[in-house]
Amino acid sequence: MATATAPARASGPGRPPDRGRRNRLDRALPYLLLLPAAVVLGLVSLYPIWAGAHASLTTYLYGRPIAGAGLQNYTDTWHDPVFWQAMWVTLKFVVLAVVIETVLGLALAMLVARDMRGARFIRLSILAPMTVAPVVVGVIWRLIYESQTGFVNPLFSSLGLGAPNVLSHQGSAFYGLVFVDVWEWTPLLFLVCLAGLQSMPQEPLEAAAVDGAKPVRLFFNHTLPLLLPVLAVGVVLRLIDAVGTFDQIFVLTGGGPGTATQLISIYAYNTAFNFTDYGHGAAMLIALLAFALLLVIVALTLMRGAARRVSR
Amino acid sequence: MTGRSRYLRWAAIAVAVLFCVFPFIWMLSVSLKRQVDIFAGPTLVPQHPTLGNYSSLFTQYHMGSYLLNSVIVVGVSVLASLVIGTPAAYALARFRLPWGLNDHALFAALVVRMVPPILLVVPFYIILARLGLLDSRLGLIMIYTGINTSFVIWMMQSFLAEIPSDIEDAALVDGDSRMSALRRIILPVASSGLATTAIFAVIATYNDFLIALTMTSTPKAQTVPVGISTLIGKIQVEWGPMAAGGIVGALPILIFAFIVQRHFVRGMTLGAVK
């Protein structure tokens with residue numbers, strides 16, 4: 001668990017010991033400074049996780065706890081085909097979206113990196129999709145996809161392809177949502193890659209270019225390895241976020257048609273809040289929490305490495 | 001750089017920029033159309049531009065109270081988390097605590113920030129129900145303060161650690177106490193870090209949907225994203241007001257982001273990439 005980047009600096013060594021009272025106060029000071037935050041963090045993290053674990057071991061009927069359930073909620077979840085279907089949709093969604101975003105973001109960053117004329121404007125406009133609320137993103141794409149208000153159907157029709165009605169078919173709805181995620185989050189990977197490229201030492205690259213290395217080889221032998229730590233940070237952060245994707249899907253399809261776009265987050269939400277079955281909802285979420293924690297630990301390890309390499 | 005590859009590069013950049021911006025322009029266009037024109041087929045420029053959707057947003061759809069709730073909830077929770085989190089970040093950046101406490105505290109802070117909110121929603125709901133704080137601004141403020149505090153600790157720790165400790169040592173030698181050194185010397189130096197942290201906390205809190213959706217049920221406490229989502233009714237979708245709501249919801253945060261774009265990467269990657 002000991003992973004973060006804590007810079008250890010001894011507090012003012014060698015001060016005269018005669019200032020007794022103040023010295024004692026100074027020694028207690030870090031703990032006094034930490035105390036309020038510790039209380040708050042305990043209340044919003046440790047306690048909810050405990051409460052969630054407790055709920056996952058309880059049977060709920062119409063939103064009221066009626067009995068202890070032991071591990072029943074977990075075994076039910078394990079044998080629930082809809083749960084596994086949702087897991088599969090989540091996995092497909094996360095992998096597909098993050099891979100496309102990484103490739104596009106990297107490619108775009110390579111294009112923009114050097115000549116920086118108009119870079120400010122480019123950066124501003126590319127920033128927009130990831131800055132606005134995911135609900136707004138959902139609204140935007142609802143307006144675009146929808147048969148009555150959007151331009152996707154007329155566009156396809158005018159090309160003689162027939163109106164796709166993206167969100168009303170099982171197959172296309174899923175890819176429509178992946179497309180939205182790519183629109184929203186490619187900018188993040190673009191910005192991360194751009195930052196990595198700009199902080200990269202140029203000399204080895206130029207030396208290799210002078211030696212006659214081909215651009216493609218240059219990229220794979222020099223640029224990519226140097227960029228990897230920074231890229232890893234972006235990818236892992238995105239992975240963690242993508243696992244919890246909820247807002248856009250809630251607004252765009254609500255998990256439908258059928259269960260085609262029902263990610264685990266949507267399924268757990270519906271179980272807990274539409275069917276007021278907090279027990280099963282909590283059990284699914286605890287299972288997902290274990291997965292997310294694993295990702296966080298990986299992320300932290302990578303970030304520590306990246307911060308060390310990038311900053312100086 | 002040959003001429004052809006330069007054109008190719010600019011073409012690719014132009015496509016990317018257009019791809020990012022055009023959906024916003026489409027939403028703006030729909031928000032300025034009358035209901036009949038929305039269904040009259042796709043046109044980018046509204047034939048009869050109107051602000052009717054915006055005014056009905058405020059007269060019929062409670063946008064005013066959503067905005068007020070958002071401002072209050074975001075303002076109070078971000079301020080509280082800065083006041084609570086910054087001293088803790090200072091303690092973690094400046095003192096070596098026993099039992100590896102520095103690392104554990106930072107890890108705990110990061111877990112809260114990184115874990116997808118969907119995981120915490122059921123427990124939050126149960127807790128707020130027990131406290132009788134469902135559908136209240138206070139309930140939202142409590143949750144957001146907690147989540148933001150973890151973010152503030154993590155970010156401010158990295159900003160404060162970059163400030164050389166010599167400058168406050170000098171103040172300490174001059175007879176300042178730790179607290180007054182923190183207030184007089186460190187905070188001014190760290191002010192740009194504080195601003196970056198605050199702004200990212202504001203963006204994340206303002207944009208949150210899931211927590212606000214589950215913890216609130218009436219315009220008394222609902223925030224802007226939840227308010228916008230209520231326009232997508234079960235039976236009928238109010239396209240014009242919905243688009244106008246999207247514009248109203250997006251505008252403050254876009255302006256905010258443009259102000260801090262220099263710090264954007266750092267804020268979005270929790271300080272890992274500068």
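Which residue just after H11(A) takes a positive phi? That would be Thr276(A), with a phi of about 40 degrees. Keep in mind that we're looking at a predicted model. The helix that comes before this residue is a good place to start. H11(A) covers residues 264–274 of chain A, and eight of its eleven residues are buried, so the helix is mostly covered. The buried set consists of Ile264(A), Ser265(A), Ile266(A), Tyr267(A), Ala268(A), Tyr269(A), Thr271(A) and Ala272(A).

One of those residues takes us to the core. Ala268(A) is in contact with Leu285(A), whose other partners beyond four places in sequence are Gly52(A), Ile118(B), Leu119(B) and Val122(B). Leu285(A) therefore has contacts in both chains, going by the C-beta cut-off of 7 Å. Together with Val139(A), Leu285(A) touches the most other members of the largest nonpolar core, which has 168 residues.

Now step back to chain A as a whole. Its 312 residues include 45% that are buried, and the chain has twelve helices and two strands. Walking along the sequence, you meet them in the pattern α-β-β-α-α-α-α-α-α-α-α-α-α-α. Take the contacts in chain A between residues at least 6 apart in sequence: 71% of them join residues at least 24 apart.

Leu143(A) gives a close-up of this chain. You'll find it in helix H5 of chain A, residues 134–145. Is Leu143(A) buried or exposed? It has 24 C-beta neighbours inside 10 Å, and 20 are enough to count as buried, so Leu143(A) is buried. Its C-alpha lies 9.7 Å from that of Leu252(A), a residue 109 places away in sequence. Leaving out residues up to four places away in sequence, Leu143(A) touches Thr149(A) and Gly150(A) in chain A, and Trp26(B), Met27(B), Val30(B), Trp239(B) and Ala243(B) in chain B.

That brings us to the contact between the chains. Chain B puts in 91 residues and chain A puts in 89. On the chain B side, 67 of the residues are nonpolar, 17 are polar and seven are charged.

Chain B itself is assigned two domains, with domain 1 spanning 3–50 and domain 2 spanning 55–268. Their C-alpha centres are 32 Å apart. Where they meet, domain 1 of chain B contributes seven residues and domain 2 of chain B contributes six. On the domain 1 side, helices H1 (3–31) and H2 (35–38) of chain B each supply at least two residues, and H1(B) gives the most, with four. That side breaks down into four nonpolar residues, two polar and one charged.

Next, look at a pair of helices in chain B. Two packed helices are described by the angle between their axes and the distance between the axes. For H3(B), residues 52–59, and H13(B), residues 239–259, the axes come within 8 Å and cross at roughly 85 degrees. Since 65 to 115 degrees counts as roughly perpendicular, that is how H3(B) and H13(B) sit to each other. Which residues of H3(B) meet H13(B)? They are Asn53(B), Tyr54(B), Ser56(B) and Leu57(B), and their counterparts in H13(B) are Gly240(B), Pro241(B), Ala243(B), Ala244(B), Gly245(B) and Val248(B). By class, this contact has six nonpolar residues, four polar ones and no charged ones. Ala243(B) is a familiar name here, as it also touches Leu143(A).

Follow chain B past H3 and you reach His62(B), in the loop between H3 and helix H4 (63–94). It has a positive phi of about 60 degrees although it is not a glycine. With 18 other C-beta atoms within 10 Å, His62(B) is partly exposed. Asp135(B), in the loop between helices H6 (118–131) and H7 (137–161) of chain B, is another non-glycine residue with a positive phi, at about 55 degrees. Asp135(B) has 15 other C-beta atoms within 10 Å and is partly exposed.

Our last stop is Ala198(B), in helix H10 of chain B, residues 191–207. It is partly exposed, with 18 other C-beta atoms within 10 Å. Setting aside neighbours within four places in sequence, Ala198(B) contacts Val78(B) and Leu82(B). Its C-alpha is also 9.9 Å from that of Gly267(B), 69 residues away along the chain.

Terms used
Residues are numbered from 1 along each chain as its sequence is written. Chains are lettered from A and ligands numbered from 1 in the order in which they are written. This is a predicted model: local features need pLDDT of at least 70, side-chain atom pairs count only at pLDDT 80 or more; totals for chains, interfaces and linings use all residues. Two residues are in contact if their C-beta atoms, placed from the backbone, lie within 7 Å. Ala, Val, Leu, Ile, Met, Phe, Trp, Tyr, Cys and Pro count as nonpolar, Asp, Glu, Lys and Arg as charged, and the others, Gly among them, as polar. A nonpolar core is a set of buried Ala, Val, Leu, Ile, Met, Phe, Trp, Tyr and Cys residues joined through C-beta atoms within 7 Å. A residue is buried if 20 or more other C-beta atoms lie within 10 Å of its own, exposed if 12 or fewer, and partly exposed in between; C-beta atoms are placed from the backbone. Domain bounds come from an automatic or database domain assignment. Axes are lines fitted to C-alpha atoms, for helices over the stretch in contact, and angles run from 0 to 180 degrees between N-to-C directions. Angles under 35 degrees count as roughly parallel, over 145 as roughly antiparallel, 65 to 115 as roughly perpendicular and the rest as oblique.
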